[in-house]
Amino acid sequence: MFNYNTTRLEKSCNQLISDLGKRLTWKWDDRFENVLAEFSVTDKQIIHPLITRHMGEIWALDQGASPPKVVQVIIDYFGGLTPGQTLFTSDPDQDGLLLCAWWPWGNGKTISIRLGVFADSLNDPDNEELTRRLRGWFDI
């Protein structure tokens with residue numbers, strides 16, 4: 001039985017959805033089991049600060065310091081970071097974090113973001129349930 005308090009994560013997702021409003025169209029990304037949106041680089045100046053405000057932590061290739069283990073697990077799940085890519089997370093010291101992979105496309109015109117949730121303390125079936133709830137919060 002799934003016994004994990006998702007209130008904080010759900011609230012964060014609802015705030016993101018509200019703040020990003022009609023700017024983004026969300027869909028499901030089967031490859032990474034995350035919520036996906038794509039947008040023009042011209043919207044970067046609006047979307048990037050909103051993501052930063054909601055997440056709080058930014059991880060990039062040129063950061064220097066090694067990320068915490070849970071963040072490294074997420075980076076590895078995405079196949080690592082390349083120049084220009086960023087991983088945003090909520091506080092990695094809290095169990096259960098919201099994450100956003102920021103991926104500029106090679107064409108220089110489009111950026112995709114992938115939003116997900118991950119709790120290091122949960123087993124695989126419970127993380128799958130957490131992901132199912134994420135889909136519900138985004139209504140996809």
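**Figure 1. The enclosed space inside the model.** A cavity here is a set of grid points where a 1.4 Å probe fits but cannot get out. With that in mind, welcome to this predicted model, where a search of the whole structure turns up one cavity of 30 Å³ or more. The largest cavity holds about 30 Å³ of space. Rolling a probe the size of a water molecule over the atoms is what shows where empty space is left.

**Figure 2. The lining of the largest cavity.** Which residues line the largest cavity? They are Ile75, Phe78, Leu81, Thr86, Leu87, Ala101 and Trp103. Strands S4 and S5 are the elements that give two or more residues to this lining. By residue class, the lining has six nonpolar members and one polar member, with no charged residue.

**Figure 3. The protein chain as a whole.** Stepping back for a moment, you can find four helices and six strands in the protein chain. Followed from the N terminus, the elements come in the order α-β-β-α-β-α-β-β-β-α. The radius of gyration is 14 Å, close to the 14 Å given by the globule rule for 140 residues, so the protein chain is as compact as a globular protein of that length. Taken along the principal axes, a box of roughly 45 × 35 × 25 Å is filled by the C-alpha atoms.

**Figure 4. The open sheet and its edges.** In what order do the six strands of the sheet lie? Reading across, the order is S1-S2-S6-S5-S4-S3, and the pairing is antiparallel. Strand S1 (27-29) and strand S3 (57-60) stand at the edges with a single partner strand each, so one side of each has no neighbour in the sheet. From one strand to the next, the twist averages 30 degrees. As a friendly reminder, strands of a sheet pair through backbone hydrogen bonds, either parallel or antiparallel.

**Figure 5. A closer look at S2 and S6.** Here strand S2 (residues 34-40) meets strand S6 (residues 110-118), and the two pair in the antiparallel sense over six bridges. To find your place along this pairing, look for Glu38, whose bridge partner in S6 is Ser112.

**Figure 6. Two helices across the sheet strands.** Helix H1 (residues 7-20) lies across strand S5 (97-104) and S6, and runs at about 35 degrees to S5. Helix H2 (residues 44-55) lies across S2, S3, strand S4 (86-89), S5 and S6. What angle does H2 make with S5? H2 runs at about 155 degrees to S5.

Note on methods: Residues are numbered from 1 along each chain as its sequence is written. This is a predicted model: local features need pLDDT of at least 70, side-chain atom pairs count only at pLDDT 80 or more; totals for chains, interfaces and linings use all residues. Side-chain values use heavy atoms; hydrogens and water are left out. Two strands pair if DSSP finds at least two bridges between them. Axes are lines fitted to C-alpha atoms, for helices over the stretch in contact, and angles run from 0 to 180 degrees between N-to-C directions. Contact means heavy atoms within 4.5 Å. On a 1 Å grid over the protein atoms alone, a cavity is a set of points where a 1.4 Å probe fits but cannot get out, and a pocket is an open set with protein on both sides within 12 Å along at least five of seven lines; lining residues have an atom within 4 Å of a point. Grid points are joined across faces, edges and corners, and a volume is the space filled by probe spheres set on the points. Ala, Val, Leu, Ile, Met, Phe, Trp, Tyr, Cys and Pro count as nonpolar, Asp, Glu, Lys and Arg as charged, and the others, Gly among them, as polar. The radius of gyration is taken over C-alpha atoms; the globule rule is 2.2 Å times the number of residues to the power 0.38.
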